[in-house]
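This briefing deals with charged side-chain pairs and with nonpolar surface in one protein chain. Please have the sequence and the coordinates at hand while reading.

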Amino acid sequence: MTNLIRVEIFKLVQSKTLWLLIIIITGLSTLLHSLVITDWWQLSGTEFDRAQLSELNALSAFTLPLLFSFIVSALAGFHVSTEFSQSGVIKNQIISGHHRAYIYMAKYLVFSLGSIIVTILIPLLTAIILVLLFGHGGDLINLSNFTYLGRAFSLFTLQFLCFTAVVLWIAIGTGDSGQTIIFTLLLSIIMFIIEKFLTYPVIQLLYENSFFYQFSEVFHYSMTTGEILKSIVIAIISLIVILIGGNVCF
């Protein structure tokens, strides 16, 4: 298992897609946060506003499923799904004698790591660095704000792991980069439609107990202990089910 993870990390580091996404997201994040901090982009009404962290308002853009779906699906499409095409190298890994479950988990762990770096860590670190450079770091040096950011992004990352498991499943099933991106974006659009337009009680109940719903819930400034525990339970159960299903598919 350790050797498989090392191989996957090596392939991820060598991936041109990863580095291209890092450059694009770093540039985009720098631009958006600079516009917010200098008041060129008047963004308000976010949960960061309620937490008195208005300088971090641009982070709300990177927590939208439609945006990070494209980022994650692009990484999965050009880094993972190509291995499962007819000319891919996945057959070599399978006949090498490694258990398929280990191969699957190694791919999931490393792919999730790359997705977290590009989608979560880079925007967050860029925001913090720019806030400090522009001399607005006073609001960040606060225990309550640190606690809020730690809790919100920890819970968000937990839900995000469920999402990367779904995208990996799609990449394995399609074996095509274009289809991986299209199906992932389509999934996010469907979830958006369910959230905004479908009001059937049963559908709403199912949606409100899904990790997709938690993407926005975890950033609420005030969360009770029960709501935090509910978010954790939803993520863990969803992740276990999705990983089992993905492993069977593989």
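A helix here is a DSSP run of at least four residues, and helices are numbered from the N terminus. The model is a predicted one, and it holds three salt bridges.

**The network around Glu-8**
- Glu-8, Lys-11 and Lys-107 are linked with one another in a network of salt bridges.
- Within this network, Lys-11 forms a salt bridge with Glu-8, and the closest N and O atoms are 3.1 Å apart; both residues belong to helix H1 (residues 2-13), where a spacing of three residues separates them by about one helical turn.
- Glu-8 also meets Lys-107 in a salt bridge, at 2.9 Å from N to O; because Glu-8 lies in helix H1 and Lys-107 in helix H7, this pair ties together parts that are 99 residues apart in sequence.
- Glu-8 and Lys-107 are both buried, with Glu-8 at 4% relative accessibility, whereas Lys-11 is partly exposed, at a relative accessible area of 22%.

**The pair in helix H3**
- Arg-50 and Glu-47 form a salt bridge through their side chains, with an N to O distance of 3.0 Å.
- These two residues are three apart in helix H3 (residues 47-50), which places about one helical turn between Arg-50 and Glu-47.

**The nonpolar surface patch**
- Leu-113, Ile-117, Leu-121, Leu-125, Ile-129, Leu-133 and Phe-134 make a nonpolar surface patch of about 650 Å².
- Ile-117, one of the patch residues, is found in helix H7 (residues 100-133) and is partly exposed, its relative accessible area being 32%.

Definitions and conventions:
Residues numbered from 1 in each chain as written. Predicted model: local features only at pLDDT ≥ 70, side-chain atom pairs only at ≥ 80, totals over all residues. Heavy atoms only, no water. Patch = residues over 30% accessible without salt bridge, like charges linked within 9 Å, V, L, I, M, F, W, Y side chains within 5 Å. Areas by Shrake-Rupley, 256 points an atom, 1.4 Å probe, with all protein chains shown as cover. Salt bridge = Lys/Arg side-chain N within 4 Å of Asp/Glu carboxyl O. Buried < 20%, exposed > 50% of the residue type's maximum accessible area, 1.4 Å probe, protein only.
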